Amino acid sequence: MALTLYVDTARWRAHHQSVLQQFPGLVPVCKGNGYGFGHERLADEATRLGADILAVGTTYEAARIKDFFSGDLLVLTPFRHGEEPVPLPDRAIRSVSSVEGVGGLVGARVVIEVMSSMKRHGVKPEDLPKLATAIEDVRLEGFALHLPLDRTDGSDAVEEVIGWMDRLRAARLPLHTMFVSHLKADELARLQQQFPQTRFRARIGTRLWLGDHEATEYRGSVLDVTRIAKGERFGYRQQKAASDGYLVVVAGGTSHGVGLESPKALHGVMPRAKGVARAGLATVNRNLAPYVWAGKQRWFAEPPHMQVSILFVPGDAPQPQVGEELVAHLRHTTTQYDRLVDR
């Protein structure tokens, strides 16, 4: 009895190939929880794709993944002076986002991140003249530009990259490779056409591993079903049932990531209205669960426990049976499954 991630493997891998065709030379990204699949599985899939570089989030992730992937490992988190040293093989490439950072990686393989409109981190235009000397002491693998997902100001992603290409060229810095994120396939093709001497490599995670929503599905096993009458008390807090129905214990709790939700950027009146409605219901202990039964997303009877959740299914709905599985709409990047089944 488990929370299971089912993968339509043939369909999932067909999607990988379609992304690879759109973005030749792409760099797969495997960070966090491995986009819900785990580091070892994605390292294997990256090898299957023929990737020569795998991007990871941190040095700690690189240390774990190095035994599963034989190619280069690009660490996306920038180097910082004073960070805990983590032993890594020479095939590890460090990202760096400042001139001072370059100076702290003498002899290392590095990718230099430049400041994009994300305003997260990166070398600023005024610091480029200092880089010419600093890069003499490192093995420069290229530059990188991490772009925003949305452009509400109507700006053009390609123009932003071109602006940086011009600045780097004016500073007489080598432009053999540029790593980019969050570009469309046609945008990447435009850049490659305009700068044929530079190899543009798209770093892709979400679009690659999670781009086909129909290829994967989470399901939680029903562990117990208890009939309950209106007014009966139940659960840790002994609250009263609002109506007749069933308490359904299903696999998947806080240790799996069930009930966790990251903040969302809301655009438009309707999404904001729904957000207000959800918040209002939460104040009276009405929280929608990710589990679906009889075609409807059901409510938590109480907050999820560590390894299971208790749902309330009204009495006019079919009674779930122990051993059945309920589809669960869960976010891959915050979910830890009990088992993965290829089918």
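**Exercise 1.** Determine which side chains form the salt bridge of Arg-41, and place this pair in its wider setting in the predicted model.

*Solution.* The side chain of Arg-41 meets that of Asp-342 in a salt bridge, with 2.8 Å from N to O. As a next step, consult the domain assignment, which gives domain 1 as 8-210 and domain 2 as 216-342; the count between these two domains is one salt bridge. Finally, follow the shared partners: salt bridges join Arg-13, Arg-41, Glu-45, Arg-48 and Asp-342 into one network.

**Exercise 2.** Describe the contact between domain 1 and domain 2 in terms of residues and buried area.

*Solution.* Begin with the residues, of which eight in domain 1 are in contact with ten in domain 2. Then turn to the area: the two domains bury about 780 Å² between them, and 50% of it lies on carbon and sulfur atoms. Of the area that domain 1 buries against domain 2, 46% is supplied by Asn-33, Gly-36 and Phe-37, more than by any other three residues. Seven residue pairs between the domains are in polar contact.

**Exercise 3.** Work out whether Arg-109 is buried or exposed, and which residue pairs with Arg-109 in a salt bridge.

*Solution.* The partner is Asp-72, whose closest approach to Arg-109 is 2.9 Å between N and O atoms. Asp-72 lies in strand 4 (residues 72-75) and Arg-109 in strand 6 (residues 109-113), so that the pair links distant parts of the chain, 37 residues apart. Because the relative accessible area of Arg-109 is 12%, and buried means under 20%, Arg-109 is buried.

Notes:
Residues are numbered from 1 along each chain as its sequence is written. This is a predicted model: local features need pLDDT of at least 70, side-chain atom pairs count only at pLDDT 80 or more; totals for chains, interfaces and linings use all residues. Side-chain values use heavy atoms; hydrogens and water are left out. Domain bounds come from an automatic or database domain assignment. Contact means heavy atoms within 4.5 Å. Buried area is the accessible area (1.4 Å probe) that two parts lose on being put together, summed over both. A salt bridge is a side-chain nitrogen of Lys or Arg within 4 Å of a carboxyl oxygen of Asp or Glu. A polar contact is a pair of N or O atoms within 3.5 Å; within protein, one must be able to donate a hydrogen and the other to accept it, and residues adjacent in sequence count only if both atoms are side-chain atoms. Helices (H or I, at least four residues) and strands (E, at least two) are DSSP runs, numbered from the N terminus. Buried means under 20% relative accessible area, exposed over 50%, partly exposed in between (1.4 Å probe, protein chains only).
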